Amino acid sequence: MSGESHDELLNRLARQPFRAKFQLRGPDRAKAELTASATIRMHAHDLIAQRLAPAEPRKDGKQTPYRGHPVFVAQHATATCCRNCLRTWHRIPKGRALDRAEREYVVDVLCRWIERELED
């Protein structure tokens, strides 16, 4: 977890070609527009707890679909899709479960990305 703001981080990630191609479109955008932000946040907490927070997530590196929920798209855009990306971009080490503060940080980053997408 770096000292930069979420917006600074998201701007930096958006300059990376792979991350920049992710945008909320189609059904994922519609779901984000029609779902209360508190509900999206709750979904993000649940998905992170199940798929990213364990010390050794099941199918790590392949556990995050590219579509099907706004949080999945956001995970790829924000480099919170697997433990390798989390280590590289957010300095959160692999091999141990995410603590409460780290889980909250990831959810905050995801929700901020979704919020910015919906502002466009």
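Why does Glu-102 count as buried? Glu-102 counts as buried because its relative accessibility is 7%, the term covering values under 20% (1.4 Å probe, protein chains only). The residue is found in helix H7, and its side chain makes a polar contact with the side chain of Arg-96 at 2.5 Å, a polar contact being a pair of N or O atoms within 3.5 Å, one able to donate a hydrogen and the other to accept it.

The model is predicted, so that local features need pLDDT of at least 70 and side-chain atom pairs count only at pLDDT 80 or more, while totals for chains, interfaces and linings use all residues. Residues are numbered from 1 along each chain as its sequence is written, and side-chain values use heavy atoms, with hydrogens and water left out.

The largest nonpolar core (buried nonpolar residues joined through side-chain atoms within 4.5 Å) has 33 residues, and among those that touch the most other members are Ile-48, Leu-98, Val-106 and Trp-113. The helices (DSSP runs of H or I, at least four residues) that each give two or more residues to this core are tabulated here.

| Helix | Residues |
|---|---|
| H1 | 6-14 |
| H4 | 37-51 |
| H5 | 70-77 |
| H6 | 83-90 |
| H7 | 100-119 |

The largest share of the core, eight residues, comes from H7.

H4 and H5 pack at an angle of about 65°, with their axes 10 Å apart, and their crossing is right-handed. In this contact (heavy atoms within 4.5 Å), residues of H4 including Ile-40 and Ile-48 meet Pro-70, Val-71, Phe-72 and Gln-75 in H5.

Technical notes: Buried < 20%, exposed > 50% of the residue type's maximum accessible area, 1.4 Å probe, protein only. Axes fitted to C-alpha atoms, helices over the stretch in contact; angles between N-to-C directions. Left-handed = near helix turned anticlockwise from the far one by under 90°.
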